[in-house]
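Reader: Could you take me on a close look at one part of this model, the cysteines and the packing that goes with them? I'd enjoy a connected walk through it.

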Amino acid sequence: MKKKLLVLFLTIVSTVCLTFGLAGCDLLTEIANTGGSSSSNSSSGNSSSGSKSDDESDIESGGEIDEAASEGLNYKKSGSGYEVSGIGDCADEEIVISSTYNGISVVSIGDEAFKDCSSLTSVTIPDSVTSIGEYAFANCTSITSLTIPDSVTSISFGAFEYCTSLESIKLSENLSSVGNGIFIWCSALKEITIPDSVTTICDSAFWCCQSLESITIPKNVTTIEADAFYKCNALTEINILGNVTSIGYGAFRYCSELRSIELPDSLTSIGTYAFYNCTYLESVKLPSNLTYISAYAFSWCESLKSITIPESVTSIGEYAFDSCMALTSITIPDSVTSIDRCAFQQCKRLESITIGSGVTFIGYLAFGDTPKLTTVYYSGTADEWNEISINSDNGSLTDATIYYYSETQPAESGNYWHYNDSGEIAIWSE
């Protein structure tokens, strides 16, 4: 009904504009913008003061504060306490937030309270504060360090984004999560300790923290969400202490200086693009409970020399190891049933692969553009190999010499292999 009325109104506007020219059009536009009222300024008053919005009328300044606190900050009621809501008339470069306002506790720092305060060099937060709002310190480009008191239990989205001079921060020991995007583009951040209270590192928490060199994920963290460490391209060391069960989409993509990582056995899910374009990543230990290697998970990890796929894995996603240029060999265990399209495409140094007898499907271009692939060690028989559905453009695979597994030396001639006493692949000689 509303849409029909809108169409009717616009038709009338068009008719009036065509009939009376711009004057009629301006009149109807004014009526639309004033909710249908065509009263003149003389009847409604022309006072420039007007009435303040609800937010503005709630703001207070000049009340009783702590002796050492900065004067001129704006405060407003927040539940049973107060929040500091803005810079107000304060000209201090080193701000001290009062713990009370007119004798009532200051319990929060409001959304955008100090956003764009580029001359602000330091902030002292009292231990009465329990929450920090969205973008509270966004674009405070001169702050170099911060201490978040243990009274704080929540920090909202983008609270410190674009604090480009922030080098270190001490987080509250009572945070349950490192919130969404709170350190986006803190490009000078070199060190941070994630407290043991944290269970989740949220989406984009450390997005483009390009000076962060190492991080320890404490034992109580169970989830690392999407893009949590996106493009932390100085990050060389990640120490995951224990109980992470999932790593989200692109969590460590473009961490180009990361050299190795050991993923805990608690991990059951690695998201799409999780380690995409970690160009110097040389080795990865995958967890023993992982069932699926997601699409693009290690794509363009050009320095990856070796990877062991655990026997818990049943499927390898599309482009999972695409363009891993340094891989020379890989073993796919019997538990794997499918290798999706382009999974090992452009692994240009790949010379040999061991394929388990459980594989029933190999997708389009799964081994495309692998010019050095000449040898395949298959864990089953020739008949079983011929039953595998191998999609097109896998010429290097199908043209390779196929060896079939035999635990004992076969009586008939052919291409057969086994594991010797050292556990290494050996060819049965005829």
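Author: Cys-90 is buried in this predicted model, with a relative accessible area of 9%. Its sulfur has the sulfur of Cys-117 as the closest cysteine partner, but the 9.0 Å separating them is too far for a bond. Cys-278 is in no disulfide either, although the sulfur of Cys-301, the nearest from a cysteine, is 5.0 Å away. Because a disulfide needs two sulfur atoms within 2.5 Å, that 5.0 Å spacing does not qualify. Cys-278 is buried too, at a relative accessible area of 0%. For the structure as a whole, the disulfide count is zero.

Now to the packing. In soluble globular proteins, nonpolar side chains tend to be buried together. Here the largest nonpolar core has 111 residues, and those touching the most other members are Phe-114, Phe-137, Phe-160, Phe-183, Phe-206, Phe-229 and Ile-316. Strands that each supply at least two residues of this core include β2 (81-86), β5 (104-109), β14 (214-217) and β30 (401-405). A separate, second core has six residues, among them Tyr-276, Ala-295, Leu-365 and a cysteine, Cys-342.

Phe-160 is a nice place to zoom in: leaving aside residues up to four places away in sequence, its contacts include Cys-186, Phe-137, Phe-183, Leu-146 and Ile-148. Ile-148 also touches Ser-172, a residue of the loop between β10 (168-170) and β11 (177-178). Ser-172 is buried, with a relative accessible area of 0%. A polar atom of the Ser-172 side chain lies 2.7 Å from the backbone oxygen of Val-152, and one lies 3.4 Å from the backbone oxygen of Pro-149.

Key: Residues are numbered from 1 along each chain as its sequence is written. This is a predicted model: local features need pLDDT of at least 70, side-chain atom pairs count only at pLDDT 80 or more; totals for chains, interfaces and linings use all residues. Side-chain values use heavy atoms; hydrogens and water are left out. Helices (H or I, at least four residues) and strands (E, at least two) are DSSP runs, numbered from the N terminus. Buried means under 20% relative accessible area, exposed over 50%, partly exposed in between (1.4 Å probe, protein chains only). A polar contact is a pair of N or O atoms within 3.5 Å; within protein, one must be able to donate a hydrogen and the other to accept it, and residues adjacent in sequence count only if both atoms are side-chain atoms. Contact means heavy atoms within 4.5 Å. A nonpolar core is a set of buried Ala, Val, Leu, Ile, Met, Phe, Trp, Tyr and Cys residues joined through side-chain atoms within 4.5 Å.
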